[in-house]
Amino acid sequence: MENLNEVSGGITAARGFKAAGVKTGIKNNSFDLAIIKSQKKAKAAAVYTTNQVQAAPIEVCRNNLEDGTASAVVVNSGISNACTGKQGLENAYKMVEKTGEELGVNTDEVIVASTGIIGKQLPMEKIEAGIESASKKLDRNSDEKAAKAILTTDTTTKQIAVKTEIEGEALTVSGMAKGSGMIEPDMATMLSFITTDADINNQLLQKTLKAAVDNSFNKITVDGDQSTNDMVAVLASGQADIPKITAGSSAYEKFTQALHYVAEKLAKMIVKDGEGGTKFIEIEVGGAASLGQAEKAARQIANSPLVKTAIFGESPSWGRIAAAAGSADDEFDLEDLKIVINGEEIFGPEEYVHSFSKDILTRDRIDIVVDLGLGDVSEKIWTCDFSYEYVEINAKYYS
């Protein structure tokens with residue numbers, strides 16, 4: 001993207017941040033607890049899952065972020081601390097209290113998150129020992145360890161950092177994420193933490209984050225299942241050598257561009273690492289009369305097990321795509337429907353069925369474009385295929 005340069009450093013690329021990742025024993029010999037620390041209290045904002053069943057850390061974060069500031073993030077993987085009752089809520093508060101104590105910040109300045117198996121209580125002795133250990137290991141070079149510590153069924157870490165220039169000075173937006181399964185828009189089983197050295201008030205930061213999430217994380221789906229723990233949080237340290245960012249300014253436009261870029265990159269990384277996924281799929285529904293109509297049809301196609309398994313099997317079963325679009329909306333006429341896969345029209349109003357390449361689905365990336373023939377509005381959703389491995393991963397997850 002113009003004026004944006006990807007840089008190394010992951011979550012700590014933005015000035016004013018350190019991180020650490022440690023092994024507590026929750027996940028045997030894997031990194032499973034991370035801390036991100038701002039040099040001084042940062043402006044903060046967050047967006048949460050819309051699932052009515054929400055994990056204990058979500059309630060704690062909503063309370064702690066009421067004033068729009070935070071100094072640290074603590075997150076564990078392996079156990080989600082969801083559906084754990086009063087004890088789970090007490091444990092989430094213990095996590096922020098211990099983190100605040102070790103870092104020398106107020107308890108209400110700590111964001112807490114958990115991810116993993118639902119219904120189990122956290123082993124607090126291991127958690128508290130991990131917080132103590134991580135607090136002593138904070139630096140700007142442990143971004144990869146921190147990114148590893150938040151993973152569950154993910155096969156790879158997900159980090160990105162970009163720089164842009166404002167009035168001759170650098171501004172950085174960086175982030176890390178986890179997510180692989182139980183992924184559906186309106187937040188999914190995913191966590192993402194974003195840091196920036198911008199100086200911006202928390203109300204504007206919240207508004208900008210919400211817009212970025214709507215156009216990235218809320219445009220992905222792996223299996224159509226919403227999670228209990230989803231969160232995207234951003235901390236702004238104000239350490240960049242630029243004036244305070246205000247709405248409507250050119251600086252705000254550049255910051256918005258950088259934040260959207262980071263959010264979209266992380267969202268696509270989640271889809272590419274979808275549980276058992278072998279293909280990244282972009283579904284664009286156009287020719288719609290409204291954005292809602294386009295998005296509904298795109299989601300229906302993206303969440304169709306029949307479509308996803310056909311793509312895994314590299315079988316161009318266009319009828320499944322047509323059926324999914326038709327089940328989402330009854331307004332369009334079949335005679336106007338057009339389906340294009342990887343640039344080849346395989347179904348259209350002229351002859352209905354067209355010839356197409358036998359290897360049309362052998363690529364790692366599949367682009368499906370559906371035109372409803374009703375208007376000029378379009379929307380995109382990103383997803384992946386369903387493989388044998390998806391079933392195996394989820395059949396064995398609890399054990």
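Q: Is arginine 15 buried, partly exposed or exposed?
A: In this predicted model, arginine 15 has a relative accessibility of 25%. Buried residues fall under 20% and exposed ones over 50%. Because its value lies in between, arginine 15 counts as partly exposed.

Q: Which residue forms a salt bridge with arginine 15?
A: The two partners come from distant parts of the chain, 226 residues apart. Arginine 15 sits in the loop between strand E1 (5-6) and strand E2 (17-22), and its partner in the loop between strand E9 (231-236) and helix H6 (250-272). The closest N and O atoms of the pair are 3.6 Å apart, and the partner of arginine 15 is aspartate 241.

Q: What is the relative accessible area of aspartate 241?
A: A residue is classed as exposed when its relative accessible area is over 50%. Aspartate 241 falls in the exposed class, because its relative accessible area is 53%.

Q: How many salt bridges does the model contain?
A: Side chains of opposite charge can pair when their charged atoms come close. A salt bridge requires a side-chain nitrogen of Lys or Arg within 4 Å of a carboxyl oxygen of Asp or Glu. By this rule, the number of salt bridges is 18.

Q: Which two helices hold lysine 98 and glutamate 132?
A: Lysine 98 and glutamate 132 form a salt bridge, with their closest N and O atoms 3.6 Å apart. The pair ties together parts 34 residues apart in sequence, because lysine 98 and glutamate 132 lie in helix H2 (residues 85-103) and helix H3 (residues 124-136).

Q: Which residues are linked with Lys98 in a network of salt bridges?
A: Lysine 98 counts as buried at 13% relative accessibility, whereas glutamate 132 is partly exposed at 34%. Both belong to a network of salt bridges. The residues linked with Lys98 there are Glu102, Glu132 and Lys136.

Q: Which helix contains both glutamate 264 and lysine 268?
A: The side chains of glutamate 264 and lysine 268 meet in a salt bridge, at 3.0 Å from N to O. Glutamate 264 is partly exposed at 29% relative accessibility, while lysine 268 is buried at 19%. They are separated by about one helical turn, because they stand 4 residues apart in helix H6.

Q: What distance separates the C-alpha atoms of alanine 263 and phenylalanine 217?
A: Alanine 263 has its place in helix H6 and is buried, with a relative accessible area of 2%. Phenylalanine 217 is 46 residues away along the chain. The C-alpha atoms of alanine 263 and phenylalanine 217 are separated by 7.0 Å.

Q: Which residues gather in a patch of positive charge on the surface?
A: One member of the patch is lysine 148, which is found in helix H4. Lysine 148 is partly exposed at 38% relative accessibility. The patch of positive charge is formed by Lys23, Lys137, Lys145 and Lys148.

Q: Which residues gather in a patch of negative charge on the surface?
A: Glutamate 335 is one of them, and its position is the loop between helix H9 (318-328) and strand E11 (338-341). Glutamate 335 is partly exposed at 48% relative accessibility. The patch of negative charge comprises Asp333, Glu335, Asp336 and Asp371.

Q: Which residues does UniProt list for "binding site"?
A: The annotation comes from an unreviewed UniProt entry and includes Thr152. Threonine 152 lies in the loop between helix H4 (143-149) and strand E6 (158-166), and is partly exposed at a relative accessible area of 24%. The residues in the UniProt list are Thr152, Lys178, Thr189, Glu275, Asn394 and Ser399.

Key:
Residues are numbered from 1 along each chain as its sequence is written. This is a predicted model: local features need pLDDT of at least 70, side-chain atom pairs count only at pLDDT 80 or more; totals for chains, interfaces and linings use all residues. Side-chain values use heavy atoms; hydrogens and water are left out. UniProt positions are given in the numbering used here, feature names are shortened, and annotations may be inferred rather than shown by experiment. Buried means under 20% relative accessible area, exposed over 50%, partly exposed in between (1.4 Å probe, protein chains only). Patches are made of residues with over 30% relative accessible area and no salt bridge: like charges are joined within 9 Å, nonpolar side chains (Val, Leu, Ile, Met, Phe, Trp, Tyr) within 5 Å. Accessible areas come from the Shrake-Rupley method with a 1.4 Å probe; for residues, only the protein chains shown count as cover. Lys and Arg count as positive and Asp and Glu as negative; His and the chain ends are not counted. The place of a charge is taken as NZ of Lys, CZ of Arg, CG of Asp or CD of Glu.
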